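Take a walk through one part of this chain, strand by strand. Keep the structure in view as you read.

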Amino acid sequence: MPESETFLTSRRDRNAVSLVCRSWYRAEAQTRRELFIGNCYAVSPRRAIDRFRCVRSLVLKGKPRFADFGLVPIGWGAHFSPWASAMAAGYSWLEKICLKRMSVTDDDLSLLALSFPFFKGLTLICCDGFSTAGLAVFAEKCRHLRLLDLIEDYFEEEEYEVVDWISKFPETTTSLETLGFDCLPSAVNFEALEALIARSPALRQLRVNHHVTVDQLRRLMVRAPQLTHLGTGSFRSPEEGEGMEHEAPLVSAFAASRSLVSLSGFREVASQFLPAIYPVCSNITFLNFSFAEITAEELKPVIRHCHNLQNFWVLDTVRDEGLQAVAATCKDLRELRVFPLDATEESEGFVSDVGLTAISEGCRKLQSILYFCQQMTNKAVLTMSKNCQELVVFRLCIMARHLPDHHTGEPMDEGFGAIVMNCKKLTRLAVSGLLTDKAFGYIGKYGKSIRTLSVAFAGNSDMGLRYVLEGCPKLQKLEIRDSPFGDPALLSGIHHYYNMRFLWMSSCKLSHRGCEDVAQRLPRLVVEVIRDRPEAEDEAVEKLYMYRSLVGRRNDAPPFVKIL
Amino acid sequence: MEEEFRGGRPQLFDFITNGRDWSDKGGYGAAEEKSLELRLGLPGGEDWSAVQEKREHPAESAVSPGHIAKIPKSTNMSASSGAKRGCSDAVDSKPEGTLADKPTAAAPVVGWPPIRSFRKNLAGTAKASAESPNRRSEAEKKLENDRKGLFVKINMDGIPIGRKVDLKAYDSYEKLSLAVDELFRGLLMAAQMDLLAATTHSTKETHVISGLLDRSGEYTLVYEDDEGDKMLVGDVPWDMFVSTAKRLRVLKSSDLCASPLSPGEIGRRTNDS
């Protein structure tokens, strides 16, 4: 038994195994190498470390996802420091850390670098609280670093505070395999970067930020022709209108990069340089054009070559026509994300039901879609539900709130209903547009595999939420905003909340009484009421965030958070 | 289901009244709204780090009383009507069968559409932006400073990671000096021990960092003012210092130039570390 446990990698399998009996529990605890904690407040650092003594890799998630959109006030929590301190004392074998939506300080970075002699990889996603000063210490002290990936993090430095962290990497040959800093607002020392790349023979993934020009990029590519993943920076030349002399060398650089499978960046793309990527198009499986303001005409010659594309992120500037071109070529597409250039409700809609329909007809293997648009029809959504049977993730954001089907004027109930009915593998759903309780009735009836549900400006009454809480047994993460669900609906989920990671409800119809009721009946649930205005002492609850926890209320809650 | 939807309608009129009262209160200065409009990002959709300020001062559209189709969808500020607003948004809008008519200017809602901040200022001005997507604007920072105290960054020679001090928490140079000593004493010792070989275990004696203000100590406290000049701390009245200091530094006294460039202004030797 214990031997086979070292081969089990899936955490869900391991969780099941640990329930069998005490000795299996212990054996499992001793052999678990990767620890995944989906909510940093569900367990204390001490407890996690005491149970799992041999962890090499940690994934830790903090703030609720709606924090990305400004709904969680500053200072709410998710501090990495207590974890860093506990692990520095408890684990010497730690090699990898991945943090998402945590507040990480420069001191934390320093502590990591100094405490773990075998540390190999750090990934920070949507984190905040640190600066280039922390990165400098980390780069300098982590002598065996293989991976440093900064993904969509927030930096708060002034220009004059920026530190030249790239220069701090070891002067000898490094073990670096992945270096990503495309979210960094400040420029890095380019000469130092080039030299670093030159002495990092293991480098496979490099993602630079928008300060890197196309010619600088070329120089880096020449140093690292073995790259598999490339974030291309600005992809323009600082000299407006010129830069033609950079085109041919750039094509050569791409032609020499025979291993490239992933391209991103294009932050300020000058379309004259796009043809340079043709040599690699037929090999790439991931193309991120979500910062590239290009038209359909500019996209077509590129996408025409991308037969093997599986993941495509794009701006809606390519319009329905661009999406039709994608549908015509990318028969292997698994994931599509269409982002809006202008994320407001009044912006001109560049993509619509036409683009969605085209994609559904051309890309039958589609598993995941995120689609921002100004208007949609039930028919297009229904069509997708029938054509794309492999859908696991369906996130449709009709940006104008409460907007009905723009052909029929009907609510979008039937479209979303078709999705949950026809897409049997669906685990993640985000809804939008005008939706009545009927839509939630469908979700409750058919969404038996749904784990994550995102609701905004939808529903008519408590019944909407009740359908979901009573009907979706696999529901783990539920985030709701601006929907008319009140205390009775909240209480209808009492039987299920211990099975969930969290529930978020903001600008709904909840009152303190209802939330207290839940808190009383479920002692292992932490019920946080978050106020936007400290002085408001109303009965109405602005924001509710509740989650199961083994350790009860946290001790770092700021004044605007009341734990019931 | 249809009945429930229709049943909700009588509530419609209550909420319109509430909504109108709430919107009439308005009450936020035009100056703040202007400062919001100057920013590149949308007022309602910035990243979480700036949201506190913006939620205090939502950009509001003018509300015409006859406009029933869409109640001003402002931010979650008014807690008492917040929950009701949420309901009214769903209930009142778009009765079944009619197409939406978009208002000319709905007040933006925080976090909608759900796009992360660094994707938000793409429309047109990505290139020449002095404000990069992942930073807060000057207006937001100023608002935060006014409300929350005056935090300035302070760095000390030999310690790679800076700290922040809240100048509003002190009322004199002496108190500031003591605070700086407390802040860095432990770190300085740790940094110095870092340099020692692992075999030597020195006793835990902590050196007080003193003489910051009178150049008598090993370190001297200096600051950079709003004009970028580097000044000795202590030369101007405290209140003036608080209002002009932008950042602090604790320098090795031996690194300071013997003769200042101008009264109060200091220079540094070129071979400092």
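What follows centres on one strand and its neighbours, then turns to an annotated region.

The model is predicted. Begin at strand β13 of chain A, residues 368-373. This strand is mostly covered, with 6 of its 6 residues buried. Buried here means under 20% relative accessible area. The covering applies to both faces of β13(A). On one side sit Ser368(A), Leu370(A) and Phe372(A), and these are buried. On the other side, Ile369(A), Tyr371(A) and Cys373(A) are buried as well.

Now look at the partners of β13(A). Strand β12 of chain A spans residues 335-339 and runs parallel to β13(A), joined by 4 bridges. Within this pairing, Arg337(A) has Leu370(A) as its bridge partner. Leu370(A) is also one of the buried residues named above. The connection between the two strands involves helix α14, residues 353-362 of chain A. Together β12(A), α14(A) and β13(A) form a right-handed β-α-β unit.

Strand β14 of chain A, residues 393-398, also pairs with β13(A). This pairing is parallel too and counts 6 bridges. Cys373(A) stands opposite Ile398(A) of β14(A). To get from β13(A) to β14(A), the chain passes through helix α15, residues 378-387 of chain A. That β-α-β crossover is right-handed.

Turn finally to residues 54-99 of chain A. UniProt, in an unreviewed entry, places the feature "domain: Transport inhibitor response" there. Over residues 54-99 of chain A, the model shows 22% helix and 20% strand. The end C-alpha atoms of this stretch are 19 Å apart.

Notes
Residues are numbered from 1 along each chain as its sequence is written. Chains are lettered from A and ligands numbered from 1 in the order in which they are written. This is a predicted model: local features need pLDDT of at least 70, side-chain atom pairs count only at pLDDT 80 or more; totals for chains, interfaces and linings use all residues. Side-chain values use heavy atoms; hydrogens and water are left out. Buried means under 20% relative accessible area, exposed over 50%, partly exposed in between (1.4 Å probe, protein chains only). Two strands pair if DSSP finds at least two bridges between them. A crossover is right-handed if, with the strands pointing away from the viewer, the path from the first strand over the helix to the second runs clockwise. UniProt positions are given in the numbering used here, feature names are shortened, and annotations may be inferred rather than shown by experiment.
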